[in-house]
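Here are my notes on the model, set out as numbered points for you to check against the coordinates. I have kept to its overall make-up, its helix packing, its cores and a few individual residues.

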Amino acid sequence: PLLRTGGLAPARGQLDLALEAGQDGVRRASLHALVAGVHVMEGDGDAAMAAARLGLEALGRPIPRRLPWLVLTSVARLVPAVVVRVVRFGRATGTRRQHDLREASLLDAAMYATSYSSQEMLLPLLAFRALLPANRVGHSRQRARVLIALGVLAASAGLGRRVGAAAEREA
């Protein structure tokens with residue numbers, strides 16, 4: 001309720017207390033996603049990125065800190081993302097689905113954080129990373145947000161017509 005009513009500081013305090021209680025990886029990741037969201041609402045992109053990184057580490061899917069490794073692993077995740085889209089779209093269930101939803105949510109928070117920080121160049125890499133878990137989950141808010149981010153990136157790269165045609169096929 002505090003997040004909905006604008007009580008960001010008290011909400012962040014309660015989330016910090018919950019994180020100190022020591023939860024399992026998926027639960028900690030969920031709490032870090034909420035903390036990242038609070039930081040985004042406050043316009044603190046660096047703190048939001050730090051919270052998203054902690055959440056992804058709790059899931060065992062950390063964002064590499066070295067740029068060359070981040071580029072390599074992000075681009076490498078595109079291949080399985082396309083394969084999952086074609087072969088196993090939306091088939092994640094149970095624990096795997098929860099894990100993928102949290103990963104996609106944290107990467108989404110990290111994407112938003114880049115717009116409030118000096119790390120804008122990370123946006124396409126984070127979108128590439130988010131596509132695999134989003135495709136495993138299937139039709140969801142997280143997948144829609146990843147596709148929107150990719151569409152914005154493609155449009156800014158001058159690929160607007162191609163992206164529009166692909167989006168129509170996707171719908």
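1. Throughout this note, contact means heavy atoms within 4.5 Å. The structure is a predicted model, and Leu70 can serve as a starting case: setting aside residues up to four places away in sequence, Leu70 touches Ile63, Pro64, Leu122, Leu125 and Arg129.

2. Leu70 belongs to helix H5, which spans residues 67–76, and its relative accessibility is 2%, so that Leu70 counts as buried, the limit being under 20%. One of its partners, Arg129, is 59 residues away along the chain, yet the C-alpha atoms of Leu70 and Arg129 are separated by 9.5 Å.

3. As to the overall make-up, the chain has ten helices and zero strands, and 40% of its 171 residues count as buried. If one takes the contacts between residues at least 6 apart in sequence, 65% of them join residues at least 24 apart.

4. How are the axes of H5 and H6 placed relative to each other? They come within 4 Å and cross at roughly 15°, which makes H5 roughly parallel to H6 because angles under 35 degrees are classed in that way. On the H5 side the residues that meet H6 are Ser74, Val75 and Ala76, and on the H6 side they are Leu78, Val79 and Pro80. By class, the residues of this contact comprise five nonpolar, one polar and no charged.

5. The pair formed by helix H4 (residues 45–59) and helix H7 (residues 94–115) has axes that come within 8 Å and cross at roughly 160°. H4 and H7 are therefore roughly antiparallel to each other, and their crossing is left-handed. H4 contributes Gly45, Ala48, Met49, Ala52, Gly55, Leu56 and Leu59 to the contact, while H7 contributes His99, Arg102, Glu103, Leu106, Leu107, Ala110, Ala113 and Thr114. Sorted by class, this contact of H4 with H7 has nine nonpolar, four polar and two charged residues.

6. Glu103, which is located in helix H7, deserves a separate look. Is Glu103 buried or exposed? Its relative accessibility is 1%, and Glu103 therefore counts as buried. Once neighbours within four places in sequence are left aside, Glu103 is in contact with Leu56, Leu59, Arg61, Arg77 and Pro133.

7. In soluble globular proteins, nonpolar side chains tend to be buried together. In this model the largest nonpolar core has 27 residues, of which Met111 and Leu126 touch the most other members. At least two residues of this core are supplied by each of helix H3 (25–42), H4, helix H6 (78–87), H7, helix H8 (123–137) and helix H9 (141–156), and the largest share, seven residues, comes from H8.

8. Which residues does Leu126 contact, leaving aside its neighbours within four places in sequence? They are Met49, Ile63, Leu107, Ala110, Met111 and Thr114. A second core, separate from the largest one, has seven residues, among them Val35, Ala36, Val38 and Ala109.

How values were computed
Residues are numbered from 1 along each chain as its sequence is written. This is a predicted model: local features need pLDDT of at least 70, side-chain atom pairs count only at pLDDT 80 or more; totals for chains, interfaces and linings use all residues. Side-chain values use heavy atoms; hydrogens and water are left out. Axes are lines fitted to C-alpha atoms, for helices over the stretch in contact, and angles run from 0 to 180 degrees between N-to-C directions. Angles under 35 degrees count as roughly parallel, over 145 as roughly antiparallel, 65 to 115 as roughly perpendicular and the rest as oblique. A crossing is left-handed if the near helix is turned anticlockwise from the far one by less than a right angle, and right-handed if clockwise. Ala, Val, Leu, Ile, Met, Phe, Trp, Tyr, Cys and Pro count as nonpolar, Asp, Glu, Lys and Arg as charged, and the others, Gly among them, as polar. A nonpolar core is a set of buried Ala, Val, Leu, Ile, Met, Phe, Trp, Tyr and Cys residues joined through side-chain atoms within 4.5 Å. Buried means under 20% relative accessible area, exposed over 50%, partly exposed in between (1.4 Å probe, protein chains only).
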